[in-house]
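Some notes on this model follow. They cover one helix, the enclosed spaces and two backbone outliers.

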Amino acid sequence: MNGRFWARYAWTGALGSGALESGVLIDVSAGRIVSLQAGSAPGDAVVLDGLVIPGLANAHSHAFHRALRGATQLGGGTFWTWRETMYRVAARLTPDEYLELARAVYGEMALAGITCLGEFHYLHHAPGGVAYDDPNAMGEALIEAAAQAGIRITLLDTCYLSSGFGAPPDETQLRFSDGSGEAWAERVSGLKERDHARVGAAVHSVRAVPADQLEVVGAWAAQRHAPIHAHVSEQPAENEGCLAAYGVTPTRLLADHGLLGPRTTAVHATHLTSQDIALLGGSTTTVCMCPTTERDLADGIGPAREVQAAGSPLSLGSDSQAVIDLFEEARAMELNERLRTRRRGHWTADALLRAATADGHTSLGWPEAGRLEVGALADLVTISLDSVRTAGPLHGAETAVFAATSADVSDVVAGGRVIVRRGVHQLVPDVGGALRQALSRVAA
């Protein structure tokens, strides 16, 4: 896509400079930025009247979990009781229903300024584990949903073989399982990348993938130089089970099987030992924090500060879709750390915004996105500066991270294409209506 855009203000701090420019003219050709010129008049350019930042990267999503929003809040319970409700939703979905639901969810993400997502996808088969005529029908539905919503996707096709440390899958989990790592690799090899879609791998968890299958997943990803993600130490019970089964922590098990490294992202990483932190940081494995889900499920506060200090880049995800708002995820990481330590200022706003943009895109295999610079994909998100939340002096990234919410996103450009204009999605005009219709068929 070609075009010219004019940003009243633009944040160009993804590389750490924290620069804020005014009157920035942005020329786009073939979906990429070819020039940026500050101090310019808008002329005939499309005016982006607010603070323009790079497109946001949602590094960890389970689209169908959107059906659980509000449905699991009555009473108490744990992650494990929440999971049973989630399984009931998973049991109902067909490829057509998943396309409808994911299109609406991805439309909601676009309205929130997300231009790329990582879908941690493990709902592969029909009930009972029977393969669809197209074995990748569910994954193809997600790829098509992203196209219809106008955003990019990395489909993190997930290996899920066991209900826990070698135990066979239960009835619902049969939909998730290919039976073996080799069968998983054969199926996922049938997925084709597109201009808006890339394919990566995922290990659901060391609970769900036996140790002797981990290297199969790692080898598939390594051969394609693809990203590989894994839930890691989300729950203390996962650590306890791994120690009982293998005598090591989940992080150590992944390291021993060659799965850590710069293409890998450990999701949650909530309950780590000091040795785990050193392994993740020393291998420059990214850590994806999902604070709104982690607090919603009472999982705990992960050691984000420590893993970053050890060498791990950070990314952010909406995970269970309890909230789809990466500004909230970014500030929650800082505010959680303030509560834990009773100190302020663990990250600058620029660093938090980098996690939501450049580092998130890199973790999803899109290193050419997430920054406002020549050669980058032209993903532009405008934050309105006249809402009740943002009105007042502009403080650069601080306004975005500590004042704005997803409701303040007014315009979104993805690869040079305008997909949200003045708060209205141009491809899914009534996102709320689309969500209501889709959720009426599958909601918990």
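1. Terms first. Helices (H or I, at least four residues) and strands (E, at least two) are DSSP runs, numbered from the N terminus. The model is predicted: local features need pLDDT of at least 70, side-chain atom pairs count only at pLDDT 80 or more, and totals for chains, interfaces and linings use all residues. Residues are numbered from 1 along each chain as its sequence is written, and side-chain values use heavy atoms, without hydrogens and water.

2. Helix α11 covers residues 326-341, 16 in number. From first C-alpha to last it reaches 23 Å, close to the 22 Å expected at 1.5 Å a residue (1.5 Å times one less than the number of residues). At Ala332, α11 bends by about 25°, the angle between axes fitted to the seven residues ending there and the seven starting there.

3. Look at the start of α11. Asp325 caps this N-terminal end, with a side-chain oxygen 3.0 Å from the backbone nitrogen of Phe327. The buried residues of α11 (under 20% relative accessible area, 1.4 Å probe, protein chains only; exposed is over 50%, partly exposed in between) include Phe327, Ala332, Met333, Asn336 and Glu337.

4. Where does Arg342 lie? Its place is in the loop between α11 and α12 (349-356). Arg342 has a positive phi of about 60° although it is not a glycine. Arg342 is exposed, at 77% relative accessible area.

5. Compare Ser233, in the loop between β9 (228-232) and α6 (236-246). Phi of Ser233 is also positive, near 50°. Ser233 counts as buried, at 0% relative accessibility.

6. There are 3 cavities of 30 Å³ or more. A cavity is a set of points on a 1 Å grid over the protein atoms alone where a 1.4 Å probe fits but cannot get out; lining residues have an atom within 4 Å of a point. The largest cavity holds about 150 Å³. Its lining has 19 residues, and Phe79, Trp82, Met86, His204 and His231 are the closest to its centre. Helix α1 (residues 79-90) gives the largest share of that lining, 5 residues.

7. The second largest cavity has a volume of about 50 Å³, the space filled by probe spheres set on grid points joined across faces, edges and corners. Its lining includes Met289, Pro291, Ile301 and Gly302. Which element gives the largest share of this lining? It is α11, with 3 residues. Met333, Asn336 and Glu337 line this cavity and are among the buried residues of α11.

Conventions
Polar contact = N/O pair within 3.5 Å; in protein donor to acceptor, adjacent residues only side chain to side chain. 1 Å grid on protein atoms, 1.4 Å probe; cavity = no way out; pocket = protein on both sides within 12 Å on 5 of 7 lines; lining within 4 Å.
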